[in-house]
Every structure is written in structure tokens, then in C-alpha cells.
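Open the model in your viewer and get ready to select residues as we go. We will move from the inside outward, one stop at a time.

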Amino acid sequence: MPTTCTLTPACAISPRALLAGMLAALLPGLAAAQFTLAPLPYPSHALEPHIDTMTMEIHHGRHHAAYVNNLNAQIKQYPELATMSLEDMQKQISRFNMAVRNNGGGHYNHDLFWNIMAPEGQRGQPGEALLADIVKTFGSLADMKKRFDQAALGRFGSGWAWLIVTPDKKLAITSTPNQDNPLMDLPDVQRGTPILGLDVWEHAYYLKYQNKRGEYATNWWNVVNWNEVTRRYDAAMK
Ligand code: MN3
């Protein structure tokens, strides 16, 4: 027959049991809030021949995965990260250490990167308002691409080229070093909402293109998901 617990010192909840209970209550929340690596939104061979399968697999499965793991390791030092959106993190990145800046930036940038590319047949064209804005700002779509590629080629070492919507709702092309991005509250960053971004780290192209970053950038336009870029443009202009 089970004994009934009464409120005596002997059957009071032990500190150890109390701790275990608290942890059990807390851990599911923490686990759920951790950052995760989403699967690629298409098969790893879907961007062939412009971006090769092995590059996609290593880039997503190792490089991006490492950013996610390293970011999660920082939650111990910054518990607030566990409940913060990736976008909010970028906007206040100056509060955090370099590990959060590099890996939080890396996670955000690669999430965007996979989604602004698409397999053949799903890439679409720039939407009407976006195209009109590109023509107004840069002269033509071809001129915008040329300016963008200059930003990609001009970035010394590792980094990104971006097409952004500035806070005053204008299109602009910019670039950032390392895993920085235009959302970050950093002094050297031209701020804005990224609607298109090109990873110009060597890990993004070296297997297929070796040192030919320009050729990679030119071919990359073939896989841009204009449907998604247009969606991001429309959202940023609201
Ligand atoms: Mn990369």
C-alpha cells in the first residue's frame, strides 16, 4: 500500500527533486527555442550546372550547420538569444560578442541565401514594382546586375554583396565583410533590409570555379529566385 505523504520534514521535496522538476519544466522550452538548420528548400543538385551538388552539400550541411551549432553554444552566455528572432538579433548585434556576430550573421545570411535561389521553373521574374524601381534606380536590370557584381568582386576576402531596401525605401547595393549583413547595428554597415544577397566566401564557389569569383557571380544570376526577391521587396516597402 502506498504511503501518503504528509507535510513532515521527512517527506518534504528534496532540493534535488525540486531542481530536477525545474529543469524538466525549463528544458523543453530551451530546446524548442534553439536555432535549427532547416533543410535546403530543394534538392542539393537543383541548382546545377551553375552551383554544383557537392558545393551545396558541404556549404549547407557543414558550413551553415557549424554556424547554427556555434550560435547555439552562445545561448549559455546570452540566455535571451533563445527567445529572440534571428532578425531581431541582427538589429542589436552590437550587444553581443564576436561569436554571436559571426555565427548569428552566418545563420541569418545562409537562411536568406538558400531561399533567394530556386530550381528551374520556379525562379520567376522581378515583379512589376520591383523592376520599375530597379530601372529608376540603376537604369536597367542589366545595369543593376553589373553594379551588384562589382560589389561582389570588390569585396576583398570573404563577405557578401547585397541588394537592400534602405530605411527611406530606396534600393541600394552594398557589401559586407565576413558574416556581417545590412540589418546589423554596426558603424561600417549601410543599413537596410536585404532582399538579395550573394555569398562570396570561397566555400561558396571554389570547388567549381576555383579563383573565378566573377564567373560564379555571373552564373549565379541564372538561379536567382525572383519570386522570393519580389516578395521580400514588397514586404520591405510596406
Ligand atoms: Mn557561405
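Start with the largest nonpolar core, which has 34 residues. A nonpolar core here is a set of buried Ala, Val, Leu, Ile, Met, Phe, Trp, Tyr and Cys residues joined through C-beta atoms within 7 Å. A residue is buried if 20 or more other C-beta atoms lie within 10 Å of its own, exposed if 12 or fewer, and partly exposed in between, with C-beta atoms placed from the backbone. Select Phe148, Ala152, Ala161, Trp162, Leu163, Ile195 and Leu198: these have the most contacts inside the core. In soluble globular proteins, nonpolar side chains tend to be buried together.

Before you go on, keep in mind that this is a predicted model, in which local features need pLDDT of at least 70 and side-chain atom pairs count only at pLDDT 80 or more, while totals for chains, interfaces and linings use all residues. Residues are numbered from 1 along each chain as its sequence is written.

Now colour the elements that give two or more residues to this core: α4, α5 (128-138), α6, β1, β2, β3, α8 and α9 (226-237). Helices (H or I, at least four residues) and strands (E, at least two) are DSSP runs, numbered from the N terminus. Which element gives the largest share of the core? Strand β1 does, with six residues.

Zoom in on Ala161. Leaving aside residues up to four places away in sequence, Ala161 touches Phe148, Ala151, Ala152, Arg155, Ser175, Gly197, Leu198 and Val200. Touching means contact, with C-beta atoms, placed from the backbone, within 7 Å. Then look for another core, apart from the first, of 10 residues, including Tyr67, Leu81, Ile93 and Leu183.

**The sheet**

Select the three strands next. They form an open sheet in the order β2-β1-β3, with antiparallel pairing. Two strands pair if DSSP finds at least two bridges between them. Why does one side of β2 and of β3 lack a neighbour in the sheet? Both β2 (171-177) and β3 (193-199) stand at the edges, each with a single partner strand, so one side of each is left without a neighbour in the sheet. From one strand to the next, the twist averages 25 degrees.

Focus on β1 (residues 159-165) and β3: six bridges join this antiparallel pair. Two of the links are easy to pick out by name: Trp162 has Gly197 of β3 as its bridge partner, and Trp160 has Asp199 of β3. Six of the seven residues of β3 are buried, so this strand is largely enclosed by the rest of the structure.

Add helix α4 (residues 98-115), which packs on the sheet and touches β1 and β3. The direction of α4 makes about 85 degrees with that of β3; axes are lines fitted to C-alpha atoms, for helices over the stretch in contact, and angles run from 0 to 180 degrees between N-to-C directions.

**Two helices that meet**

Show α6 (residues 141-154) and α8 (residues 213-220). They pack at an angle of about 145 degrees, with their axes 10 Å apart. To see the contact, select Asp149, Ala152 and Leu153 of α6 together with Arg213, Gly214, Ala217 and Thr218 of α8.

**Stops in the loops**

Go to the loop between α1 (15-33) and α2 (53-72), where Ala46 lies. Ala46 counts as partly exposed because it has 17 C-beta neighbours inside 10 Å. Draw a distance from Ala46 to Val223: their C-alpha atoms are separated by 9.3 Å, although the two are 177 residues apart along the chain.

Pro49 is also placed in the loop between α1 and α2. A cis peptide bond joins Glu48 and Pro49, with omega about 0 degrees. Most residues other than glycine have a negative phi, and most peptide bonds are trans.

Two residues with positive phi come next. Asn178, in the loop between β2 and β3, has phi near 55 degrees. Gln210, in the loop between α7 (206-209) and α8, has phi near 50 degrees. Is Gln210 buried or exposed? With 11 C-beta neighbours inside 10 Å, Gln210 counts as exposed.

**Zooming out**

Finally, show the whole protein chain: its secondary structure comes to nine helices and three strands. Of its 238 residues, 30% count as buried.

Conventions: Contact = placed C-beta atoms within 7 Å.
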